[in-house]
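I opened this notebook to keep track of what I looked up in one structure, entry by entry. Rings come before domains, and charges come last.

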Amino acid sequence: MCGIVGYVGQEQAAPILLDGLSRLEYRGYDSAGVAVYDSTLGTLSVHKAKGRLNVLSQQLHGGADLHGTIGIGHTRWATHGAPSDVNSHPQVSRSGKIAVVHNGIIENYAELKSFLISQGIPFTSETDTEVIAQLIEYFYDGDLLSAVGRVLHRIQGAYALGILCDDCPDKLIAVRKDSPLILGYGEGCSFLASDVTAILRHTRKVSYMEDGELAVLTQDSIQCYNHLMQPVDKEIVQVDWEMDAAEKGGYEHFMFKEIMEQPQALRRCISPRIREGEVVFEDFHLDPQYIRDLQKIYIVACGSSYHVGMVGKYQLEKLTRKPVEVALASEFRYMDPIVNEHTLVVVISQSGETLDTMAALREARRLGGKILSIVNVVGSSIARESDQVLYTWAGPEIAVATTKAYSTQLAVICLLALYFARVLGTVEDGEYRSCLEDLLRLPDQVEQVLSQKDHIQYFASQYFNHDSVFFIGRNIDYAMGLEGSLKLKEISYIHSEAYASGELKHGTISLIEPGTLVVALGTCKRLFQKAMSNVVEVKSRGADVLALTTESCRKEMEGTASAVMTIPDARELVLPCLSVVPLQLFAYYVALMRGCDIDKPRNLAKSVTVE
Ligand code: M6R
C-alpha cells in the first residue's frame, strides 16, 4: 500500500522525488523518506520522517537541501513496525551503501533476519524491508545486479522495490512481484513509480513491469530482465490521463472534486459504448454461444467495489435470468467456490491492484473460469491478468474514499447486463432502448442531484454530532445503504451499520432509541410502501429519520421522516448511480464538520496491496 518513486537524470532528484511522493501519498501517509546519491560527498544521503510528507518536505526545504541527480523515495503505510523515523523507508544496509524502498510484505523476513543476525549483522528497524537491504549487502561483491538476483531467490512475499547503491551512482534497480511498479521514459531521465500519477508531470511514456521482472534504469535507458535474467523488450505505452485530473484544481479535497466530476466521468464511460441504439464494447470478445452456455456469473471484489457487485447481482439476474453470486474477494479463495468453464467471473476493482481481488482472480482462473474485469486504472495488474477488461474511464481517483470510480463501475455493470440480455434475448426491444436512453440521460440527472448539495450540507450540519448511524433499505436500496454506511464510517469515523430493512425486527431494532439517526433509503418504487413502514417503525421508537427517496415520493415521505433528500425519478437500473450521490455528499459534509482528514482517513490507504 506504500508509494515508491525513483529518478535518475540530470536535474536535482530530491524535489522531483518529493513532488512524486506528494501524488502517491494516498497510498500511505504515516511516514516518508528519500535517499539521494550526493556526488560531492560520494555517499547516499538518507532523510526520513514520521508523519505526513510535508514534515519531511519542510525539513528538506522542498528538497533544496539535498544535492544529487539520482534517488529513491517512499511514503509508508506501516505493516512491520510502528510508524517512526527509524522504520520509515528507505531502509539502508549496515554500511549505508545500499538503500531500498519497498511496497509489499516479505513473509519470511523473520527467518532471514535471524540468519543475518547470526552472521553478526545488526538491525536498526523493525521492518521487513531492512532485511532486503542487509541481504543485498551480504551478497554484494561488486556486482549489484547479481547480489539483487541472489536476494530475490531467497525472499518470499509481495514486493515492488527501488534500489540504489553508492558504488553505482548512475543506476537504479527496480523489481516487481505482486505489487505494482511502472517504469517511466523521460528526455534524458528515467523513473520508477508505484503509479503513473507520480511521474505524469515529467513523462507520459511508461511500461508496466510484470511479476518477476527486474529493471536497470540509467538516465538514457531502461533495460528489463525476466526472472531468469534474460533481457526483455517492454512495450512502451502513452498514458492519456490529463495532469490536472490528478490535481485538486481549486477544490478543498480530492473527494469533493471527484464527487463533482461524476457527470463527466459517467459521460466518458457511457456515451462511447452506446452506438446506434446498441451497447458496443470495443476490444471485448465473448462468444455469444459462451454467453448462452453460461451456468453462473460470479462477481468478486472488496469494499465499495463489492457493493457494486451486490447491485450488479440484482441487475444481471433481472435482465439475463442467469444466476449471479457475489463474493468478497478476501473470502473467495477460502470458500472452495464452484467455478468451471461455464462460469464467468466478473472482477471489480478501481485500482486493479487489490491483493485479495487479484488472489481471487487467480483462484477463479485455476478453477477454469473466464475472467472479465471492470477496472479504472489502465494497465493495472488485474486488468493485465484478465481475459477481458472493461475500463470505467473515470480518470485518476486520488481520495481514499471512492466516488466517481464507484459510480462508473455501476454504469459499466448496467451496460454489461444490457449487453448480455441482448445476446440472450431476455430483454424486449422497447425496454432495451428505453434503458439505453436512461443511461445516456444519467450524467445530466447526476448533475441535477449535485445541484442540491447545499441541502445535503444543511442536513449534515444537523446530524454530524451523532455517534452511531443506521442505514436501512431493501434490495438495491440495501446495497446502496451499505455503500452510504461505508462512506460515512470511512471518512467521518462515526460508527455506522447498514441493514436490510426486513431484518430490523430480527434484532437490530432493539438498538433504536430516542435520537438514534437512521438513514432510510426508499428509492425503489415497487418497494416504497415497505420502506415507509420501516420508517414508521423506527420513527415510533424515537429515531431521527433522514430519508432518501425519489421526487415523486417526496411528499409522502415528508409526512413521516424527519428530513428528506431526493433524487430524480428513474428506472431501477440507473437508480443506484443517482442515489449514491447524496450519500457521498452527506458523508463528505459530515466528515468536514467533524474536522476529519477527508482524503487520507486514518489507518486506510487507497490501494490495498496486502492481505
Ligand atoms: O481498488 P479496489 O476497487 O479493488 O478497492 C477495493 C476497496 O479497498 C475500496 O473500494 C475501499 O472500500 C474504498 N476505500 C471505499 O471507499
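Is Tyr138 buried, partly exposed or exposed? I worked on a predicted model, and there I found Tyr138 to be partly exposed, because its relative accessible area of 36% falls between the 20% and 50% cut-offs.

**Entry: aromatic rings**

I searched the whole structure for aromatic pairs and found 14. One of them joins Tyr138 and Phe139 edge-to-face, with 5.3 Å centre to centre and 70° between the planes. I noted Phe139 as buried, at 10% relative accessibility.

I then turned to Phe256 and Tyr588, whose ring centres are 5.0 Å apart; their planes stand at 25°, so I entered the pair as stacked, the limit for that label being under 30 degrees. This pair links distant parts of the chain, since Phe256 belongs to helix H6 (residues 254–260) and Tyr588 to helix H19 (residues 575–593), 332 residues apart. Phe256 is buried with a relative accessible area of 11%, and Tyr588 is buried as well, with 3%. Following the ring pairs outward, I arrived at a cluster made of Tyr251, Phe256, Tyr588 and Tyr589.

I also looked for charges over rings. The charged end of Arg273 sits over the ring of Trp393, 3.9 Å from its centre, and that of Arg602 sits over the ring of Tyr493, 3.8 Å from its centre.

**Entry: domains 2 and 3**

I took the division of the protein as domain 1 (3–240), domain 2 (254–450) and domain 3 (453–593). The centres of domain 2 and domain 3, taken over C-alpha atoms, are separated by 25 Å, and their contact takes 35 residues from domain 2 and 31 residues from domain 3. Between them the two domains bury about 2800 Å², of which 71% is on carbon and sulfur atoms. On the domain 2 side, Phe256, Tyr314 and Val449 lose the most area to domain 3, and together they make up 21% of what that side buries. I counted three salt bridges between domain 2 and domain 3. Separately, I noted a salt bridge in which the side chains of Arg571 and Asp438 meet at 2.8 Å, N to O.

**Entry: salt bridges**

How many salt bridges does a search of the whole structure find? My search gave 37. In one of them Asp211 pairs with Arg176, the closest N and O atoms being 2.9 Å apart. Asp211 lies in the loop between strand S11 (205–208) and strand S12 (213–217), whereas Arg176 is in strand S8 (residues 172–177), 35 residues apart. Asp211 counts as partly exposed at 31% relative accessibility, while Arg176 counts as buried at 4%. Both belong to a network of salt bridges that links Arg176, Lys177, Asp178, Asp211, Arg362 and Glu385.

I also recorded the salt bridge of Lys487 with Glu490, where the closest N and O atoms are 4.0 Å apart. These two residues are separated by about one helical turn, because they are three residues apart in helix H16 (residues 476–492); both are buried.

**Entry: Glu25**

I placed Glu25 in the loop between helix H1 (13–22) and strand S2 (31–38), and at 8% relative accessibility Glu25 counts as buried. Leaving aside neighbours within four places in sequence, I found Glu25 in contact with Arg52, Leu53, Thr75 and Lys600. The C-alpha atoms of Glu25 and Arg602 are separated by 13 Å, although their positions lie 577 residues apart along the chain as a separation in sequence.

Terms used
Residues are numbered from 1 along each chain as its sequence is written. This is a predicted model: local features need pLDDT of at least 70, side-chain atom pairs count only at pLDDT 80 or more; totals for chains, interfaces and linings use all residues. Side-chain values use heavy atoms; hydrogens and water are left out. Rings of Phe, Tyr and Trp (its six-membered ring) pair if their centres lie within 6.5 Å; planes under 30 degrees apart count as stacked, over 60 as edge-to-face and the rest as tilted. Buried means under 20% relative accessible area, exposed over 50%, partly exposed in between (1.4 Å probe, protein chains only). Helices (H or I, at least four residues) and strands (E, at least two) are DSSP runs, numbered from the N terminus. A charge sits over a ring if NZ of Lys or CZ of Arg is within 6 Å of the ring centre and within 35 degrees of the ring normal. Domain bounds come from an automatic or database domain assignment. Contact means heavy atoms within 4.5 Å. Buried area is the accessible area (1.4 Å probe) that two parts lose on being put together, summed over both.
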